[in-house]
Amino acid sequence: MDVRYINPFLVSIQDLFKTMINVPFSLGKPRLKQDTLPVFEISSIIGVSGTITGSVVISFSKPVALQIASALLGEEIHEVNEDCKDAIGEVANIIAGGAKKDFPTGDNSISVPTVVIGKHEVSYPRGVPIITIPCEVSSGRLTIDVALKKTKVPSAVPC
């Protein structure tokens, strides 16, 4: 997997934490993920289609989701409710938007993120390694899982 497709998401999430959420954020060492289950029960799934296809999944522990929602909404959120879910969706939307502007090819669409609460599997593209990047904030951990592949573009047929 080409890091040019991963880095826009990493840069975008770092910018978000630095500028909007104002919480110290650190990226861990990327590694190969062996399953299709997000680490935590609160996830935002971003789909990518076009010349690059696949998924980016941001998985939050409950304390991190509550901290992020509270910081974004400007009020203390104590439970994973609709406000928290909406805030997590907005965070992922901001990350997707930031990544899209730095994505190396223009023939791609990045979907509106879907937020999933509870244990679930993700439909990653077959035959593509899933890279997981652990992250730390003051309230705990989150992970970013990336599985993207370049699609074959049909060659042009002369008229």
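**Leu32 and the pairings of strand E3**

Leu32 has its place in strand E2, which covers residues 31–33. In this predicted model, Leu32 comes out as partly exposed, at a relative accessible area of 46%; that label applies because the value lies between the 20% and 50% cut-offs. Setting aside neighbours within four places in sequence, Leu32 is in contact with Pro129, Ile130 and Ile131. A little further along, there is Ile133: the C-alpha atoms of Leu32 and Ile133 are separated by 8.9 Å, with the two residues 101 apart along the chain.

Now to strand E3, which spans residues 42–50 and pairs with strand E4, residues 52–60. The sense is antiparallel, and seven bridges hold the count for this pair. Getting from E3 to E4 takes a hairpin of one residue. As an example of the register, Ser44 has Ile58 of E4 as its bridge partner.

E3 also pairs with strand E6 (residues 114–117), again in the antiparallel sense, and here the tally is four bridges. In this pairing Ile42 stands opposite Ile117 of E6. Then there is strand E5, made up of residues 108–110, which pairs with E3 over three bridges and is antiparallel to it. Gly50 is the residue that stands opposite Asn108 in E5.

Put together, E3 has pairings with E4, with E6 and with E5, while Leu32 in E2 has contacts that include Ile130.

Notes: Residues numbered from 1 in each chain as written. Predicted model: local features only at pLDDT ≥ 70, side-chain atom pairs only at ≥ 80, totals over all residues. Heavy atoms only, no water. Pairing = 2+ DSSP bridges. Helix = DSSP H or I, 4+ residues; strand = E, 2+ residues; numbered from the N terminus. Buried < 20%, exposed > 50% of the residue type's maximum accessible area, 1.4 Å probe, protein only. Contact = heavy atoms within 4.5 Å.
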